[in-house]
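Me: I'd like a close look at just one part of this structure. Could you pick a helix and walk me through it slowly?

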Amino acid sequence: MSVAVPARGRGLARLTDGFAGLRRQGAITPLAAFAVMLAVYTAINPDLFTRIQLQTLANLIAPLALVALAELLIVLVGGIDISVGAVMSLAGVIFATQMEDHGAGVAAAEALAAAVACGLLNGALVAYGRLPTIATTLASAFIFGALANEVLDRPGGNVPVEVTNATSGELVPYVPAALVWVLGAGVVLWLILNRTVVGRQIYGAGSSASALRASGHDPRRAQLAAFAIGGALTALAAILLVGSTATGDPKAGDPYLLNAIAAVALGGAAFTGGSGSVSGTIAGAAVLGTIGSLLFFAGIESYWQYVIGSLIIVGVVGLPALTRIVRGRRGAVR
Amino acid sequence: MLAARALSKRYGPIVAVEEVDLTCLGGEVHALVGENGAGKSTVAKILAGAVRADAGEVTVGGVALPGGDVRAAHRAGVYCAFQELALVPDWTVAENLALVDRPLRGRFSRARAIAGAVDTLARLELDHLDPRAVVGDLPLADRQQLEIARALTGDVRVLLLDEASSALTPPGVRWLFARIRELTARGAAVVYVSHRLGELAEIADRGTVLRDGRVVDHFTRGSWTEDELITAMAGQPAERAHPRPAPARTETVLEVEGLTAPGLDDIALRLRAGEVLGVGGLQGHGQAELLRALYGALPAHARRWEVAGRRVRRMTPVQAVRAGLGFVPEDRKRQGLALTHSVGENLLTPWLRAAGPGGTPLLRRERAWVDRVLAALAVKTTGPRQPVGALSGGNQQKVVFGRWLDRDRRAVLLHDPTRGIDVRAKHELYEAIVRLAGEGVGVIWFSTEVEELVHTCHRVVVLYRGAIADELAGERLTADAVVGAAVGRTAVAS
């Protein structure tokens, strides 16, 4: 079982391996794009690294990053989930309304249970009912949205200060709590996807379900697991959003749907399934979340912000294609 | 060791397999032969647990197998290398080897998977496979060896090989036979499905012939000739000899000098009208790249490049079709056909005009040509409107090839068009290729079957490491010379 590689060589091999993996899953461009944006951001707005601005930025990015990770799971198994926004709204209002009577812990658990149940419902219909993901989740989105309105028909709820602090305050000075939640969730999800059998099955189910079946696995369970884990991540996103806005809103999740899908695309995942990465997706969400405030600080008029923001997104998505073309040319002339 | 009794399976109204009995003793290689659509793959899938039979039972060492359960089959020691490669394309080699039958719960260690894969690959003499490589990036032959290797990772009592040699080159086949002999020496049973009759003579102890889903004949080692077997498979006497093309003409239809592309180094070729030029060599030595470069599917450049007398600076597939070239790609299902579209539409794909009619009006207008092509190639189909995915492999390949018939082509490029198709379809394709050449079309034909190159080509160039290692014609064009040049040994003209 032993591969004769010296310890340092092995570390290096791991590093290059990891890099190759990230490149294969399309994560390099979004990561680089986010690094560049952060650099530009601090250049035009040196105040970014004040405590309050860091917090604001983290609170802007965190819910989006978590929903995007939930969406990533469904994309990995070869589908697309239209219901994440509605599930987020539902989990949010449950969290906001249950807190008063039962305390934050129980409320969070209830929100989590509700979102996982939503995921399991979608997953069961898709995996065992063999229904198309996009239609199934579109239909279930209306149901979950209606339920959210039933729980709380207008923005409200009572969010104690401790909850706000725990979700969107600071853990220690200069470390926003929201950032810690996202990184924690990211690490756990990465471990699940890359270091457990079910995680590899999730990739395999989207890559080739028939091949997975032929090697003695059941792709349906992998699909179900993806939807369930996705539900849990969506609930966490909802809790962070409720904490930072201090209200529950039955429509709060809606704007997150398209942004989550965009973040997954920006993160380099393949919408045919089987390929995509946690780090790329988080970076994609961070790019999307930062663009708005970056352009605001750059002093660009609000209408133009949309145009330039869109151009940046197209640029990030288009960059790999561009490098491919350039590389192809060079290869031919070699 | 393995006994199947009265297996039957229908897909809708179509009977795939009916009342098939099969026994395979320990230490025996049992061949399963038949034309495409005869039910061989269905039988293999039932035995492997990938498909549940409608009736009948399978026993292994006297114990009945539950149907339709791959894992249960694995537990009983039945492993299968499938024809349609069943590897997960986005997984690495190591993951595909390690993640067999793993329960849903459980940790996955990359390092351990890689170490295990290194061991397995070394044990199976497959050191050229990189455990870290992503399977989807590997050439077909490597994927096929990996598929076989994966079937060998378990505690094998019965090994099912469904067309497992279809993409393998002669050394690959020798590798496979060595593995089979290891297994049979240990007392395991091997069921071997293949179209390559030459291989059966070497490896098969007994055999069963299927036709239209039923068992029609049995044979044992030494008691059969290829002609008898073909007759049994086809149900009618079939000629098998490789047809010879008519002499080539003098005019040049395609010429390159100094063709260079990724994986290709300074290739010079001249193809005359009506000439059948074979391309040989081991998989991965640039044959695929050569055809793709000539067709413009791979960026390439050349010092001199002429198609039908016109200079070419840079080629794209669109220009290639316009200049009079045709191409039959490597993977008919992925690169050749739109499987859900109809036979007629697939035939007409290269001839669609951006602003022209489509669908029914187009089919009606081109009906005469479509019918002519389908008849010329004897394509078994219910008509131009049948989805091409419903055809058998051989008939699908005929559709990919048929596109270029009777369309004023100057040269066609064929990438192993007879891979994995049955003997009769193969023969019909040979005839069609020779007929096409007889009409004055130049043919460049890459084949993994040396016999095809030797018997049906005027001239054969053998590639080695992306360059032309040797050019063989006339007396020097022998199977030994082709194989020798393929491994880098240039035979001295005698």
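**A helix with two sides**

Reply: Sure, let's take α4(B) and start on its outer side: the face turned away from its buried side carries the exposed residues A111(B), A122(B) and R123(B). Keep in mind that this is a predicted model.

Now flip to the other side. Buried in α4(B) are A113(B), I114(B), A117(B), T120(B) and L121(B). Look down the axis of α4(B) and these buried residues fall within an arc of 130°, so they line one face of the helix. The general idea is simple: an α-helix has 3.6 residues a turn, so residues three or four places apart point the same way. And what do the buried residues of α4(B) pack against? Their partners are α3 (93–98) and α5 of chain B.

You can check the length of the helix too. With 14 residues at 1.5 Å a residue, α4(B) should span 20 Å, and its end C-alpha atoms are 20 Å apart, which agrees. Just after the helix, E125(B) takes a positive phi of about 60°.

Next, zoom out to the neighbouring chain. In total, 32 residues of chain B are in contact with 29 residues of chain A. On the chain B side of that contact, α4 (110–123) supplies at least two residues, and so does α2 (70–75). Sorted by type, the residues of chain B that touch chain A are 20 nonpolar, four polar and eight charged.

Finally, where does the helix sit in its own chain? Chain B is divided into domain 1 (2–234) and domain 2 (252–486), and α4 of chain B covers 110–123.

Technical notes: Residues numbered from 1 in each chain as written. Chains lettered and ligands numbered in written order. Predicted model: local features only at pLDDT ≥ 70, side-chain atom pairs only at ≥ 80, totals over all residues. Contact = placed C-beta atoms within 7 Å. Helix = DSSP H or I, 4+ residues; strand = E, 2+ residues; numbered from the N terminus. Nonpolar A, V, L, I, M, F, W, Y, C, P; charged D, E, K, R; others polar. Domains from an automatic or database assignment. Expected span 1.5 Å × (residues − 1). Buried ≥ 20, exposed ≤ 12 C-beta atoms within 10 Å, placed from the backbone. Arc of directions from axis to C-beta.
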